[in-house]
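Trainee: Could you take a close look at one part of this model for me and then set it in its surroundings? I would like the reasoning as well as the values.

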Amino acid sequence: MTIAGDTAYVLSTTSTGPDTNGGQGAFQIVNISNPSAPVAQGQIIIPQATTLTSVSPVQNNIVLVTGNTKSWRNPGVNPRNPGNLNFQFTGVLTLSAFDVSDPHNPSLISTRCTDISASFGYSMAPLGGGFFALAVGPPADDAVAFGADPRGQLLLVDARDPSNLGLFSMGFVAKLSGLAVNGGTLYAATGDGLSTFQLPDLGGL
């Protein structure tokens with residue numbers, strides 16, 4: 001993502017070479033004031049994650065970053081179907097909060113390591129009042145019972161206290177891949193099309 005007109009945040013990993021799961025999540029800060037010559041300004045390591053996967057828009061000077069405790073399969077095969085290529089992540093969701101009051105010097109506030117298995121498909125949108133909607137794609141194929149329809153989750157993140165992130169399930173969606181929010185409506189992209197949901201009233205939480 002870009003912020004303040006001259007800075008980019010890049011989601012990465014310290015993994016190198018063939019060991020895709022040997023590193024840690026890396027939140028990189030890059031000066032892009034001269035787009036033809038970007039300059040790395042620094043990085044913040046998130047040891048709970050192996051790779052970082054998505055970043056939210058800013059809300060109340062907070063951005064959320066998702067990650068996974070595992071990275072790409074290497075080799076890219078599913079033990080259940082060894083003849084087919086499959087590079088899915090096989091770990092669980094991590095969620096981190098950053099203070100971007102000074103966008104050139106963001107600071108890590110907290111990281112939560114969840115028990116939610118997820119392969120691909122991470123997307124976030126601010127809802128106001130310190131809340132975010134979060135879409136997490138289905139778990140890896142071999143983490144789902146054979147023949148079952150893999151389902152992603154729509155989650156509500158309570159970041160009113162970013163040092164203690166709350167996480168609540170709003171529902172399961174088959175083949176979930178992303179989301180967008182407009183007013184009180186949440187749009188979820190899936191492998192079968194588009195699903196729409198009415199967001200709950202968060203005022204009483």
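Mentor: Two residues count as in contact when heavy atoms of theirs lie within 4.5 Å of each other. With that in hand, take Thr-66, in a model that is predicted. Thr-66 is found in strand β6. Leaving aside residues up to four places away in sequence, Thr-66 touches Leu-52, Thr-53 and Ser-54, then Leu-93, Thr-94 and Leu-95, and also Tyr-122, Met-124 and Leu-134. Is Thr-66 buried or exposed? The cut-off for buried is a relative accessible area under 20%; Thr-66 has 0% relative accessibility, so this residue counts as buried.

The whole chain gives the background for that. Of its 205 residues, 43% are buried. The chain has 17 strands and 0 helices. If one takes contacts between residues at least 6 apart in sequence, 49% of them join residues at least 24 apart. A compact globule of 205 residues would have a radius of gyration near 17 Å, and because the chain has 17 Å, the two agree. Along the principal axes, the C-alpha atoms fill a box of roughly 50 × 50 × 30 Å. The exposed area of the chain is about 9,700 Å², and carbon and sulfur atoms supply 51% of that area.

Next, the aromatic rings. A ring pair is described by how far apart the centres are and by the angle between the planes. The whole structure holds 5 aromatic pairs. One of them joins Phe-27 and Phe-98, with 4.1 Å from centre to centre and 20° between the planes, which is a stacked arrangement. These two rings come from distant parts of the chain: Phe-27 belongs to strand β3 (residues 25-31) and Phe-98 to strand β9 (residues 92-99), 71 residues apart. Phe-27 counts as buried because its relative accessibility is 0%, and Phe-98 is likewise buried, with a relative accessible area of 0%.

Trp-72 and Phe-120 make another aromatic pair, this one tilted, at 5.5 Å centre to centre and 50° between the planes. Trp-72 sits in the loop between β6 (62-68) and β7 (77-78), while Phe-120 sits in the loop between β10 (107-117) and β11 (122-128), so this pair ties together parts that are 48 residues apart in sequence. The relative accessibility of Trp-72 is 43%, so Trp-72 counts as partly exposed; at 33%, Phe-120 counts as partly exposed too. Phe-27 and Phe-98 have a further partner, since ring pairs link them with Tyr-9 into a cluster.

Finally, a part of the chain away from our starting residue. The C-alpha atoms of Thr-66 and Tyr-187 are separated by 19 Å, with their positions 121 residues apart along the chain. Tyr-187 is in strand β16 (residues 185-190), on the uncovered face with Thr-185 and Ala-189; Leu-186, Ala-188 and Thr-190 make up the covered face.

How does β16 pair with β15? Strand β15 (residues 176-182) and β16 run antiparallel and share 6 bridges. Among these contacts of the backbone, Gly-178 has Ala-189 as its bridge partner, and Ala-180 has Tyr-187. The two strands form a hairpin with 2 residues between them, and Gly-183 in the turn has a positive phi of about 65°. On to strand β17 (residues 193-198): β16 is joined to this strand by 6 bridges, again with antiparallel pairing. Here Thr-185 has Gln-198 as its bridge partner. β16 and β17 also form a hairpin, with 2 residues between them.

Put together, these strands make an open sheet of 3 strands in the order β15-β16-β17, with antiparallel pairing. β15 and β17 are the edge strands, as each pairs on one side only. Ignoring direction, neighbouring strands of this sheet are turned by 25° against each other on average.

Notes
Residues numbered from 1 in each chain as written. Predicted model: local features only at pLDDT ≥ 70, side-chain atom pairs only at ≥ 80, totals over all residues. Heavy atoms only, no water. Phe/Tyr/Trp six-rings, centres within 6.5 Å; stacked < 30°, edge-to-face > 60°. Helix = DSSP H or I, 4+ residues; strand = E, 2+ residues; numbered from the N terminus. Buried < 20%, exposed > 50% of the residue type's maximum accessible area, 1.4 Å probe, protein only. Pairing = 2+ DSSP bridges. Axes fitted to C-alpha atoms, helices over the stretch in contact; angles between N-to-C directions. Rg over C-alpha atoms; globule rule 2.2 N^0.38 Å. Areas by Shrake-Rupley, 256 points an atom, 1.4 Å probe, with all protein chains shown as cover.
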